[in-house]
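Here are a few exercises to work through with the model open in your viewer. Try each task before you read its solution.

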Amino acid sequence: MKKTRFLKLIGILAILTLMLVACSDSSKESNGSNDTNQEQKTTETKGTEEAAKPTTVEITDAHGTVTVPVNPKNVVSLDSRTFETLADWDIKLAAAPKDVMPAESPYVSDESVQNIGNHREPNLEILAAADPELVIIGQRFAKYYEDIKKLVPNAAVIDLNFDVSEEAEKPGENLVQGFKDATITLGQIFDKNEEAKQLVADFDKAIEDAKSAYNGSDTIMGVEVSGGNIGFSAPQFGRVWGPMYEIFGWKPALEIENATSDHKGDDISVEAIAQSNPDWLFVLDRDAAVSSTTDAVPAQDVIDNSPALQNVTAVSKGQIVYAPNDTYTNESIQTFIEIFENLANTLAK
């Protein structure tokens, strides 16, 4: 009797075990089906998101609204304000004006990047042969805008130039807003929006720091050194130092009438510069930025060895700020951030 009950119990346990196994298998199948469905939904969502990404973007350049492909192929840049930004973002260029680029630029050493030469005699045939989707121009190459549009009718041609000449009403404001607009535009084109926003934020901070560091009363003198000669850089307009007088409210040590962007002070002697006795001297070394210049005397040596400047307050007190060596051919937002940060650190001492 006990044996019979025992066998019945074993049978019941066996049946229960089989039922549990069946339920488990069913659950696995169900979960597998759910997992598959979920994977399909995820894939579909990603596909939808990718499909939803715009393939073009409308930007505003110096001539109006232009429709530009996002992440274009065969890009050509002729604007020295963009070279470092594009390089930092690993943007491949098909062609560039290597003769007027910093020797340290990765584009100069990259043999796959065709050399268009310089802005005086550019080889625009190379540009046309590159069959670009996008051509970026500005500054030295802005005058070739119409010619380039005719050469590459199927390409988007954008002009990111902004006016800091004597003809501009507010060169300083134009420089600041111009850099911001151009950086955001490049971020939209190359899908680098976060990087662009960070650059603009760093730029704004560097401006505020440099502005806060200036005491409002020290006199400022900007100069350019080239071929061993020291040239006056007029306040308010022109390359590099000029617009900064407006941006930071600097007090100029010397002002001249009828100065122009092309001839900012060729007729101003070193003696006249010395007589103005600036508290601060800000120096741009043009030769240091040009790779084709050989045996050039560094700007610091020219300043240090100038007899006329030795009794100037800026020199005697060592109150001199030098722009980065590649500034003349690399007027990128990164370069100006570096200049502003250097000004902030030096003026605050």
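## Exercise 1: Two glutamines

The model is predicted. Q236 is found in the loop between β9 (229-233) and α8 (244-248).

**Task.** Where does Q139 lie, and is Q139 buried or exposed? Then do the accessibility check for Q236.

**Solution.**

1. Start with Q139: look in the loop that runs between β6 (134-137) and α5 (145-151).
2. Check the backbone there. Phi of Q139 is near 50°, a positive value in a residue that isn't glycine.
3. Now the accessibility. Q139 has 15% relative accessibility, and the cut-off for buried is under 20%, so Q139 counts as buried.
4. Go over to Q236, where phi is near 85°, again positive in a residue other than glycine.
5. Q236 has a relative accessible area of 31%, so Q236 is partly exposed.

## Exercise 2: The surroundings of S80

**Task.** Place S80 in the fold, decide whether S80 is buried or exposed, and find out which residues S80 is in contact with, leaving aside its neighbours within four places in sequence.

**Solution.**

1. S80 sits in the loop between β3 (75-77) and α2 (83-88).
2. Its relative accessibility is 3%, so S80 counts as buried.
3. Skip the neighbours within four places in sequence, and you're left with contacts to Q139, R140, T329, N330, E331 and S332. Q139 is the buried loop residue from Exercise 1.
4. Zoom in on R140: the side chains of S80 and R140 are joined by a polar contact of 3.3 Å.

## Exercise 3: The largest cavity

**Task.** How many cavities of 30 Å³ or more turn up in the whole structure? For the largest cavity, work out the space inside and what lines it.

**Solution.**

1. Rolling a probe the size of a water molecule over the atoms shows where empty space is left.
2. Searching the whole structure gives 3 cavities of 30 Å³ or more.
3. The largest cavity holds about 70 Å³ of space.
4. Its lining consists of D79, R81, T82, T85, L160, F162, F179, A182, T183, L186 and I333.
5. Sort those residues by class, and the lining of the largest cavity splits into 6 nonpolar, 3 polar and 2 charged.
6. Helix α6 (residues 171-189) contributes the largest share of this lining, with 4 residues.

## Exercise 4: The second largest pocket

**Task.** Which element gives the most to the lining of the second largest pocket, and which lining residues are the closest to its centre?

**Solution.**

1. The second largest pocket holds about 210 Å³ of space.
2. It is lined by 14 residues, and the closest to its centre are N161, F162, Q177, G178 and D181. You've met F162 already, in the lining of the largest cavity.
3. Both β1 (56-61) and α6 supply at least two residues of the pocket lining.
4. With 7 residues, α6 gives the most.
5. By class, the lining of this pocket has 4 nonpolar, 6 polar and 4 charged residues.

## Exercise 5: Stepping back

**Task.** What percentage of the residues in the protein is buried, and how many helices and strands are there?

**Solution.**

1. Of the 349 residues in the protein, 46% are buried.
2. The protein has 12 helices and 12 strands.
3. Take the contacts between residues at least 6 apart in sequence: 62% of them join residues at least 24 apart.
4. Finish with the surface. The protein exposes about 18600 Å², and carbon and sulfur atoms supply 47% of that area.

Methods. Residues numbered from 1 in each chain as written. Predicted model: local features only at pLDDT ≥ 70, side-chain atom pairs only at ≥ 80, totals over all residues. Heavy atoms only, no water. Buried < 20%, exposed > 50% of the residue type's maximum accessible area, 1.4 Å probe, protein only. Polar contact = N/O pair within 3.5 Å; in protein donor to acceptor, adjacent residues only side chain to side chain. Contact = heavy atoms within 4.5 Å. 1 Å grid on protein atoms, 1.4 Å probe; cavity = no way out; pocket = protein on both sides within 12 Å on 5 of 7 lines; lining within 4 Å. Points joined across faces, edges and corners; volume = space filled by probe spheres on them. Nonpolar A, V, L, I, M, F, W, Y, C, P; charged D, E, K, R; others polar. Areas by Shrake-Rupley, 256 points an atom, 1.4 Å probe, with all protein chains shown as cover.
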